[in-house]
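Subject: The structure, and what I found in it

Hi,

Here is the structure I promised to send over. Have a look at it first, and then read on for what turned up when I went through it.

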Amino acid sequence: MVVEKDLEAALDQVRADAAGPVPGVFGPASVTWQIDREAVIFLGAGRALLLQLAHPWVAAAIAEHSRTLADPIGRFHRTFDIVFAMVFGSLDRALLSSRQLHRRHSMIVGEMPETVGPFAAGSRYCANDIPSLRWVHATLVETALMAHDLVLPQLSAEERERYWAESRMFGALFGLTGGDLPADWSGFAAYTAAMAQSETLTVSPAAREIATQIFNGARPWLRPPGWYRALTASLLPERLRAGFGFELDARDVRAADNALKWIRRVYPRLPDRLRDVGPYQEAQARLRGQPRPDWMTRCLNRAWIGRPQMDQRR
């Protein structure tokens, strides 16, 4: 369990290693900014969510404590608001978001309604459990890089190591210490590969229901397009794809491939104002001494995080 004193000890280390009060935890020279600034990382949002749902404790917590199905857009905004504040916010904003997330997680406790995989009915779950936090952190780190590499030039081996070193500091914002995370990229890759085959990831009925509602639900105007559902399914380990009930036929594969070809051709030619997510543009304005982002950045922020400015208290 990550308790408050553990979090504060981790945040002391983040503060010591951060780029600075204005640039925040990572800063413009980081690989993390290079990856997370790209709007194309949204291609991996569905994959990250499904991998998180594949952990029975996470699925139970979302089913019993989240408004995901009633307010899917709100869930999207809250998730990206927290992540982008940690990545692109000032140091104070990043630390505040870390503490807010920990407090929110501390209220998410319960019991498994049924036995799923190695988790027995009646066993207790808590969102601040270290193995669960480690898995959620891993899904965000791995999927962001995977989505980036689907469209843009892949990182070099040295850049991947830098990215993972920075991701360990991102993990500290969850309260995860160095001992909780692999030491290098190869260790991280081995961890995610082992998790993909482990019974720890078992798709529960609750997880399958949430996934069905999100990807094939009764709200046509919120339903992702077919090519996105196919792409998301193709990025999952086969065992988990079957667990969620996703089937990929030749038409699905062709739709995902055609969409990716079009995105790879068009996306690199877009102006930075459209490619860069709003919180990154706000961070750049902050570095130029502009405390209030311009109107276009505020509009982009509303799309990504549901509010016009990241660096302000709710």
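P56, W57, V58, A59, A60, A61 and I62 are the buried residues of helix α4. The helix runs over residues 56–65, and with seven of its ten residues buried, α4 is largely enclosed by the rest of the structure. What do those buried residues pack against? Their partners are α3 (45–53), α5, β2 (124–126), α7 (130–151) and α10 (205–216). Before you go further, keep in mind that this is a predicted model, so please read everything below as computed from that prediction.

Since α7 came up, here's one residue from it. T143 sits in helix α7. Is T143 buried or exposed? The relative accessible area is 3%, which makes T143 buried. Leaving out residues up to four places away in sequence, T143 touches G44, R47, A48, L51 and A138.

Just past that helix, have a look at L155, in the loop between α7 and α8. L155 is a loop residue that counts as buried, with 8% relative accessibility. Apart from neighbours within four places in sequence, the contacts of L155 are V31, Q34, I35, L145, H148, D149, R160 and Y163. Take I35 from that list: 120 residues separate I35 from L155 in sequence, yet their C-alpha atoms are 9.6 Å apart in space.

Now for two helix pairs.

Helix α5 (residues 72–88) packs with helix α6 (residues 91–106) at about 140°, and the axes are 7 Å apart. An angle over 145 would count as roughly antiparallel, so α5 and α6 come out as oblique to each other. Their crossing is left-handed. On the α5 side the contact is made by R78, I82, A85 and M86, and on the α6 side by R93, A94, S97, S98, L101 and R104. Sorted by type, the residues of this contact between α5 and α6 are five nonpolar, two polar and three charged.

The other pair is helix α11 (residues 226–234) with helix α13 (residues 250–266), whose axes come within 8 Å and cross at roughly 100°. That angle is why α11 and α13 are roughly perpendicular to each other. W227, A230 and L231 of α11 meet D252, A255, A256, A259, L260 and I263 of α13. How do the residues of the contact of α11 with α13 divide? Eight are nonpolar, none is polar and one is charged.

Last topic: the aromatics.

The count comes to 21 aromatic pairs. One of these pairs is W164 with F188, which are stacked, with 4.3 Å centre to centre and 20° between the planes. W164 belongs to helix α8 (residues 157–172) and F188 to helix α9 (residues 185–197), so the pair ties together parts that are 24 residues apart in sequence. W164 and F188 are both buried.

There is also an aromatic cluster to look for on your screen. Its members are W33, F42, F76, F80, F84, F88, W227, Y228, Y280 and W304. You have already met W227 above, in the contact of α11 with α13.

If you want a place to start, try colouring α4 and its partners α3, α5, β2, α7 and α10, then go on to the stacked pair W164 and F188.

Cheers

Definitions and conventions:
Residues numbered from 1 in each chain as written. Predicted model: local features only at pLDDT ≥ 70, side-chain atom pairs only at ≥ 80, totals over all residues. Heavy atoms only, no water. Axes fitted to C-alpha atoms, helices over the stretch in contact; angles between N-to-C directions. Helix = DSSP H or I, 4+ residues; strand = E, 2+ residues; numbered from the N terminus. Parallel < 35°, antiparallel > 145°, perpendicular 65-115°, else oblique. Contact = heavy atoms within 4.5 Å. Nonpolar A, V, L, I, M, F, W, Y, C, P; charged D, E, K, R; others polar. Left-handed = near helix turned anticlockwise from the far one by under 90°. Phe/Tyr/Trp six-rings, centres within 6.5 Å; stacked < 30°, edge-to-face > 60°. Buried < 20%, exposed > 50% of the residue type's maximum accessible area, 1.4 Å probe, protein only.
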